[in-house]
Amino acid sequence: MDHQLSEAVAEAFVRLHDNGKVYRGEYMVNWSPNLRTAVSDLEVEYSDEEGKLYYFKYPLADGEEGEHLAVATTRPETILGDTAVCVHPEDPRFQKYIGKEVVVPMQNR
């Protein structure tokens, strides 16, 4: 997009925001992989689908034999690309894992 057009778009959105016509909020965006764009809530047909939750044990890199952090996911195929595991820093169950490193299951890295 050229510079002038980009400025015009930005100005239009600022005016719409100032007039209360658009807002910025925290919400889920409906992304269509086929269309490669966001889709309006009005265009989405919601349906309940049965899913499966998979649990994996991520061994602690410097832990004792059998010591691990259990992780649940609905997308096990993404594990191969994992580079980090996060825990909630205020949850007392996970305090001992803060600052630790884990080994990605099936990858040994």
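**A walk through the predicted model**

Start at helix α1, which spans residues 3-18 and contains Leu16. The model is predicted, so confidence will matter later. Leu16 has a relative accessible area of 36%, so it counts as partly exposed. It belongs to a nonpolar patch on the surface. The other members are Leu5, Val9 and Phe13. Together the four residues offer about 340 Å² of accessible area.

How confident is the prediction? The average pLDDT of the protein is 89. A score of at least 70 is reached by 99% of the residues. Confidence is highest in strand β3 (residues 54-59), with a mean of 95. It is lowest in strand β1 (residues 30-32), where the mean is 87.

Next, look at the backbone. Most residues other than glycine have a negative phi. Arg36 is not a glycine, yet its phi is positive, at about 55 degrees. Arg36 sits in the loop between β1 and β2 (37-39). Its relative accessible area is 71%, so Arg36 is exposed. Met106 also has a positive phi, near 70 degrees. Met106 lies in the segment after β4 (68-73). With a relative accessible area of 60%, Met106 is exposed.

Finish with the aromatic rings. A search of the whole structure finds 1 aromatic pair. Its partners are Phe94 and Tyr97. The ring centres are 6.4 Å apart, and the planes meet at 40 degrees. That makes the pair tilted, because the tilted class lies between the stacked limit of 30 degrees and the edge-to-face limit of 60. Are these residues buried or exposed? Tyr97 is buried, at 13% relative accessible area. Phe94 is partly exposed, at 23%.

Note on methods
Residues are numbered from 1 along each chain as its sequence is written. This is a predicted model: local features need pLDDT of at least 70, side-chain atom pairs count only at pLDDT 80 or more; totals for chains, interfaces and linings use all residues. Side-chain values use heavy atoms; hydrogens and water are left out. Rings of Phe, Tyr and Trp (its six-membered ring) pair if their centres lie within 6.5 Å; planes under 30 degrees apart count as stacked, over 60 as edge-to-face and the rest as tilted. Buried means under 20% relative accessible area, exposed over 50%, partly exposed in between (1.4 Å probe, protein chains only). Patches are made of residues with over 30% relative accessible area and no salt bridge: like charges are joined within 9 Å, nonpolar side chains (Val, Leu, Ile, Met, Phe, Trp, Tyr) within 5 Å. Accessible areas come from the Shrake-Rupley method with a 1.4 Å probe; for residues, only the protein chains shown count as cover. A salt bridge is a side-chain nitrogen of Lys or Arg within 4 Å of a carboxyl oxygen of Asp or Glu. Helices (H or I, at least four residues) and strands (E, at least two) are DSSP runs, numbered from the N terminus. pLDDT is the predictor's confidence in each residue, from 0 to 100.
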